[in-house]
Amino acid sequence: MKRTNHHLDVLLFDNEEKKQGTIIRKPGSRKLYILFYYFNRRVEKTTGLNDTRKNREKVRLWLDRIIERRDAGKLIFAEAFPGAPEEEKAYFAKLEGWQYAPEPRDIIFGHYIQEWYENVWNHYPEGTKKDDYRLIIDYWLVPYFKEMTFFQISGVELQKFINSMKWKKGAKKGQPLSKARAKNILIPLRTIWNDACDQFRWVLHNPFGNLKKHLPKTPAKRREGFRFGEWLEFLKHVDPWYQPVVELMLLTGMINSEIAGLRKSDIRPDYILVQHTIVRGKEHDTPKTVYRIRKIPITQAVRKRLDILQERSTGELLVTTENGSTFRPSNFLKSVWARAARESRITDKVPYSLRHSFAAWALTLRVDPNRLVRLMGHGSKKMVYEVYGDYIEGLEEDFWLILEYFGRDFVEGKAKQPPHLLAYPGMMVQPGFHQVIIEETRSPVLPLKTF
């Protein structure tokens with residue numbers, strides 16, 4: 001069958017071509033491919049070589065040797081095509097009469113990752129973890145490990161990888177990543193390594209065991225909440241359109257992605273049902289963890305901000321930009337938040353600081369830690385105390401201001417006690433009077449407060 005270089009496509013073989021195989025070039029590609037039959041199964045592989053006369057001669061000689069070994073019953077497919085999918089190598093190994101069990105030096109990371117995406121990653125539940133894994137793998141892991149076998153991925157090689165991890169663009173270009181970011185990049189790599197070892201029954205030395213001392217020494221920045229006066233100063237410089245948004249975040253502990261995904265139908269008579277998120281422009285019906293699906297009681301302070309948002313929203317999403325488009329946390333951070341930070345000169349805070357402030361302020365008001373855990377969407381008090389429980393210098397001095405801002409109904413919760421029966425630390429209530437008398441305690445003496 002006669003062909004020209006411009007019309008080399010996948011065609012039916014005649015008997016002679018089935019015996020000898022052929023060389024083709026696909027439309028739109030400059031690379032040469034080989035086609036031949038093995039155990040009556042069609043095999044097509046790229047050579048990676050451009051279509052030149054010299055390369056055709058080279059590929060023809062190589063294909064002739066493949067055919068010769070095939071016809072003599074001596075072809076070992078896994079050795080001839082080490083980059084072929086593992087399923088294909090195992091399939092032909094069985095027909096060749098042996099059990100295919102690849103060694104770490106036989107499996108190239110770049111080839112394995114494609115199978116891992118299909119067989120493992122595709123079955124991850126939709127969410128930020130799945131998206132983050134894909135970003136890390138494509139941006140950091142594949143460029144570095146693509147051509148390496150698993151045998152080459154040793155502890156020493158991982159140390160080299162850690163030392164190579166630097167910002168690739170932006171103002172920090174060339175600077176080492178933080179310790180926390182470097183650890184996050186290693187998590188998917190460790191997952192892929194463990195999956196490969198489990199799949200191929202490898203018993204290997206763990207290359208991740210001694211990496212802690214090699215991680216970057218840059219200290220992670222602690223996220224600290226606002227003092228009350230600091231918050232008012234910052235809020236004054238926030239774009240008026242977004243003021244009820246950031247206040248709602250502070251009053252509820254909701255984060256950017258939850259605010260972005262909040263729908264009008266999530267606002268119930270007495271509570272907000274947090275169940276939707278929008279992360280990187282993608283809407284998710286399943287939050288980060290099952291605990292993040294929660295009910296946040298609507299206090300008078302929360303209701304005030306919700307009313308503003310509901311009145312101006314024209315669609316199902318409660319929070320939008322001023323032109324009606326979807327609220328995007330990254331855009332909000334770069335424009336609205338960054339501008340308020342510059343103008344207020346409070347530059348050590350990020351939007352997530354609002355969640356830290358919510359926790360710290362609630363603990364200052366002596367809210368039951370178990371209740372706070374549920375309000376924030378965590379599984380235990382450990383997270384609240386270890387991550388959000390950092391002491392904010394002088395915050396106890398803001399007690400009355402925080403109480404007024406949050407409202408007594410936030411502290412009382414569902415309690416039906418009369419106002420004069422609700423006591424606070426450092427206070428003695430006289431029944432029958434709507435007056436709180438301050439006793440001397442370890443806390444600073446606060447001014448007389450009448451409700």
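Helix H10 spans residues 243-252. Nine of its ten residues are buried, so the helix is largely enclosed by the rest of the structure. The buried residues are Pro-244, Val-245, Val-246, Glu-247, Leu-248, Met-249, Leu-250, Leu-251 and Thr-252. Gly-253 follows just after H10 and takes a positive phi of about 80°. These values, like those below, come from a predicted model.

Three residues of H10 meet one tryptophan. Leaving aside neighbours within four places in sequence, Trp-231 is in contact with Val-246, Glu-247 and Leu-250, and also with Phe-226, Leu-354, Trp-361 and Tyr-405. Trp-231 belongs to the largest nonpolar core, which has 61 residues. Within this core, Trp-231, Phe-234, Ile-272, Trp-361, Leu-365, Phe-406 and Phe-410 touch the most other members. Trp-231 and Trp-361 are thus both in this group, and they are in contact with each other. A second, separate core holds 39 residues, including Phe-109, Trp-116, Phe-161 and Ile-162. In soluble globular proteins, nonpolar side chains tend to be buried together.

The protein as a whole has 451 residues, of which 42% count as buried. It contains 18 helices and ten strands. Its accessible surface comes to about 25900 Å². Carbon and sulfur atoms account for 52% of that surface. Among contacts with a separation of 6 or more, 58% join residues 24 or more positions apart.

Strands E1, E2 and E3 are linked by pairing. E1 covers residues 22-24 and runs antiparallel to E2, with three bridges joining the two. Ile-24 stands opposite Tyr-33 in E2. The hairpin of E1 and E2 has six residues between the strands. Gly-28 in this hairpin takes a positive phi near 85°. On the other side of the pairing scheme, E2 and E3 are antiparallel over seven bridges. E3 comprises residues 41-50. Lys-31 has Asn-50 in E3 as its bridge partner. E2 itself, residues 31-38, has six of its eight residues buried, so this strand is largely enclosed by the rest of the structure.The turn between E2 and E3 has two residues, and E2 and E3 form a hairpin around them. Phe-39 is placed in this loop. Its phi is near 50°, a positive value in a residue other than glycine. Phe-39 is partly exposed, with a relative accessible area of 39%. Asn-40 is found in the loop between E2 and E3 as well. Asn-40 has a positive phi of about 60° although it is not a glycine. At 77% relative accessibility, Asn-40 counts as exposed.

Phe-39 also contributes to the surface. Together with Tyr-91 and Leu-95, Phe-39 forms a nonpolar patch there. The accessible area of the three residues together is about 270 Å². Leu-95 lies in helix H4, which spans residues 86-96. Leu-95 counts as partly exposed, at 38% relative accessibility.

Arg-105 is found in the loop between H4 and helix H5 (109-119). This arginine is exposed, with a relative accessible area of 51%, where the cut-off is over 50%. Arg-105 and Gln-152 are 47 residues apart along the chain, and their C-alpha atoms are separated by 7.3 Å. Leaving aside neighbours within four places in sequence, Arg-105 is in contact with Thr-149 and Phe-151.

Thr-321 lies in another loop, between helix H12 (300-312) and helix H13 (329-344). Thr-321 counts as buried because its relative accessibility is 15%, and buried means under 20%. Not counting residues up to four places away in sequence, Thr-321 touches Trp-241, Tyr-242, Thr-326 and Phe-327. Thr-321 and Phe-332 are eleven residues apart in sequence, with 9.1 Å from C-alpha to C-alpha.

Definitions and conventions
Residues numbered from 1 in each chain as written. Predicted model: local features only at pLDDT ≥ 70, side-chain atom pairs only at ≥ 80, totals over all residues. Heavy atoms only, no water. Patch = residues over 30% accessible without salt bridge, like charges linked within 9 Å, V, L, I, M, F, W, Y side chains within 5 Å. Areas by Shrake-Rupley, 256 points an atom, 1.4 Å probe, with all protein chains shown as cover. Salt bridge = Lys/Arg side-chain N within 4 Å of Asp/Glu carboxyl O. Helix = DSSP H or I, 4+ residues; strand = E, 2+ residues; numbered from the N terminus. Buried < 20%, exposed > 50% of the residue type's maximum accessible area, 1.4 Å probe, protein only. Core = buried A, V, L, I, M, F, W, Y, C linked by side-chain atoms within 4.5 Å. Contact = heavy atoms within 4.5 Å. Pairing = 2+ DSSP bridges.
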